[in-house]
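Please read this report alongside the sequence and the model. It goes through selected local features for a reader who has not seen them before.

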Amino acid sequence: MTLRARIVRGAVEIGGSCIELECGGYRLILDLGLPLSSQNDSLPDISGLREADPTLLGIVLSHPHMDHCGLIDRVRPDIPIYMGEAAARILNEAAFFIGKRSALVPAQPLTHEKPIQIGPFRVTPFLNDHSAFDAYSLLVEAEGRRLFYTGDLRAHGRKPGCFRRLLRSPPADVDVLLMEGTRLGRQERSRETTEEDVEHAAVEVFRRARGSVLAFYSPQNVDRLVSLYRACIRSGRILVLDLYAHSIAVATGRASIPRASFDQVRIYLPHRQKAFVKRERAFHRTDAVREARIYPEEMASRGSELVFTFRQSMAAELESMGCLADAEAIWSMWPGYLDEASGRETSEWLESRGIPMSIIHSSGHASLLDLQRLVEAMLPARVVPIHTEAPEEFVRCFPNVEQWADGEWRRIQRD
């Protein structure tokens with residue numbers, strides 16, 4: 001028996017990540033992501049995803065971003081899924097708000113440095129600093145061979161100790177390092193923007209703005225939610241979460257994540273979410289935040305104190321309430337989204353209302369320098385690019401690079 005692997009998708013693109021492993025006739029999948037760069041959102045051609053196949057032992061999801069787990073609801077329901085407990089709760093909360101009813105229940109949760117045996121595969125998770133909560137790298141061992149899949153990681157978020165710990169004590173004798181390279185091929189900044197930098201920059205805007213602040217960010221980026229809350233505390237403002245953002249915060253299971261019971265946090269129910277709660281009769285959700293609710297009259301009169309968790313679907317109702325006088329906005333997501341149709345629509349809407357926007361963002365992915373530090377610490381026999389649009393940059397930046405094509409099986413062996 002020997003360990004084989006193939007990149008099903010992701011060798012030359014960001015998103016759609018999926019890796020298939022095989023050993024002794026049994027198979028394991030790492031990630032099942034939704035492609036971002038194409039209209040091909042169908043399941044990849046892997047035996048056992050749709051039909052019964054006892055050789056497929058399960059799917060391990062590194063973290064709850066759609067480009068790594070977005071196709072999981074399309075597989076047959078009896079496939080064992082392995083992921084973090086908090087990650088599963090976050091995905092289940094998100095599913096409620098988009099009308100999906102199926103619930104993810106991990107066959108066994110991922111826990112930092114606690115190995116899981118899945119047939120011939122021994123999988124050890126390593127907690128990551130990433131913009132998704134409860135994210136992991138994965139060490140897979142079988143028949144004396146070792147493959148380390150980084151998933152998505154960084155060293156400049158609110159958990160930089162995760163990356164430092166990996167550098168201090170990396171897995172030894174790694175045969176293949178499947179390493180993300182999201183930022184390779186893009187212009188590197190002279191200085192890394194950290195989550196602390198985001199917090200400091202947000203404080204400046206919050207103190208300067210004469211009216212409310214509209215914060216465009218993903219509530220699933222829990223580090224960003226924390227950064228904005230800390231900026232509110234420092235600037236004397238109130239962070240207004242919608243019911244979705246609050247549900248994600250609670251789903252983390254961490255009492256330290258801002259929620260309804262926190263000082264300077266209020267909860268607003270946009271029309272769309274209010275209607276959905278009524279339709280689903282999920283009144284326990286609104287009951288849980290009753291004491292922290294904020295209503296239109298108060299929002300209009302206290303605009304200069306508020307920072308709204310904002311999305312474009314809320315624009316008309318906030319405008320009708322008179323909440324946009326002297327408002328400012330911050331864009332705290334990847335700036336590239338502003339070049340897409342929805343981003344251009346947002347920019348045009350803000351400009352038409354005279355609302356200035358500041359871009360305040362920190363990447364969820366490691367810099368070239370930090371990836372080089374990882375390779376130097378781990379000393380893998382081979383470095384294989386994944387989750388990148390510039391695999392050719394790996395050859396220039398790292399030793400022992402081996403480029404794989406999508407769908408190409410490779411034996412994991414030592415020279």
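The text below covers strands, ring pairs, charged side chains over rings, two polar residues and the cysteines. The model is predicted.

## Strands

An open sheet holds seven strands in the order E6-E5-E4-E3-E2-E1-E19, and its pairing is mixed. At its edges are strand E6 (108–109) and strand E19 (410–411), each of which pairs on one side only. Within this sheet order, E2 and E1 stand next to each other. Strand E1 (residues 3–9) pairs with strand E2 (residues 18–23) in the antiparallel sense, over six bridges. One of the residue matches here is between arginine 9 and its bridge partner in E2, cysteine 18. In general, the strands of a sheet pair through backbone hydrogen bonds, either parallel or antiparallel.

A parallel case is given by strand E11 (residues 176–180), which five bridges join to E18. Methionine 179 stands opposite proline 385 in E18. Is strand E18 (residues 382–386) enclosed by the rest of the structure or open to the outside, and how many of its residues are buried? Five of its five residues are buried, so E18 is largely enclosed by the rest of the structure. Both of its faces are covered. On one side Arg382, Val384 and Ile386 are buried, and on the other side Val383 and Pro385 are buried.

## Aromatic pairs

The count of aromatic pairs in the model comes to ten. In one of them, the ring centres of phenylalanine 97 and tyrosine 244 are 5.4 Å apart and the planes meet at 75°, so the pair is edge-to-face. Phenylalanine 97 belongs to helix H2 (residues 85–97) and tyrosine 244 to helix H6 (residues 243–251), so this pair ties together parts that are 147 residues apart in sequence.

Another pair is formed by tyrosine 229 and phenylalanine 262, whose ring centres are 5.7 Å apart with planes at 70°, so this pair is also edge-to-face. Tyrosine 229 is in helix H5 (residues 222–235), while phenylalanine 262 is in the loop between H6 and strand E14 (265–268); the pair therefore ties together parts that are 33 residues apart in sequence.

The table lists the relative accessible area of the four residues in these two pairs.

| Residue | Relative accessible area | Class |
|---|---|---|
| Phenylalanine 97 | 18% | buried |
| Tyrosine 244 | 13% | buried |
| Tyrosine 229 | 11% | buried |
| Phenylalanine 262 | 22% | partly exposed |

Ring pairs also link Phe96, Phe97, Tyr244 and Phe276 into a cluster. Phenylalanine 96, a member of this cluster, has arginine 285 over its face, at 3.8 Å from the ring centre. Elsewhere, arginine 4 lies over the face of tryptophan 409, at 4.3 Å from the ring centre.

## Two buried polar residues

Glutamine 273 sits in helix H7 (residues 271–280). Its relative accessibility is 10%, so it counts as buried. Leaving out residues up to four places away in sequence, glutamine 273 touches Phe97, Asp242, Leu243, Tyr244 and Arg311. Two of these contacts, Phe97 and Tyr244, are the partners in the edge-to-face pair described above. A polar atom of the glutamine 273 side chain lies 3.0 Å from the backbone nitrogen of leucine 243. By contrast, valine 383 is 45 Å from glutamine 273, C-alpha to C-alpha, and 110 residues from it in sequence.

Glutamate 328 is in strand E16 (residues 328–331). With a relative accessible area of 11%, glutamate 328 is buried. Its contacts, again without residues up to four places away in sequence, are Val205, Arg208, Ala209, Ser212, Val213, Leu214, Ile355 and Pro356. The side chains of glutamate 328 and arginine 208 make a polar contact at 2.7 Å.

## Cysteines

How many disulfides does the model have? The count comes to zero. A disulfide is a covalent bond between the sulfur atoms of two cysteines. For cysteine 23, the closest cysteine sulfur is that of cysteine 18, and at 18 Å it is too far for a bond. Cysteine 23 is buried, at 0% relative accessibility. Cysteine 69 is in no disulfide either; its nearest cysteine sulfur, that of cysteine 18, is 12 Å away. Cysteine 69 is also buried, with a relative accessible area of 2%.

Methods:
Residues numbered from 1 in each chain as written. Predicted model: local features only at pLDDT ≥ 70, side-chain atom pairs only at ≥ 80, totals over all residues. Heavy atoms only, no water. Helix = DSSP H or I, 4+ residues; strand = E, 2+ residues; numbered from the N terminus. Buried < 20%, exposed > 50% of the residue type's maximum accessible area, 1.4 Å probe, protein only. Contact = heavy atoms within 4.5 Å. Polar contact = N/O pair within 3.5 Å; in protein donor to acceptor, adjacent residues only side chain to side chain. Pairing = 2+ DSSP bridges. Phe/Tyr/Trp six-rings, centres within 6.5 Å; stacked < 30°, edge-to-face > 60°. Lys NZ or Arg CZ within 6 Å of the ring centre and 35° of its normal. Disulfide = S-S within 2.5 Å.
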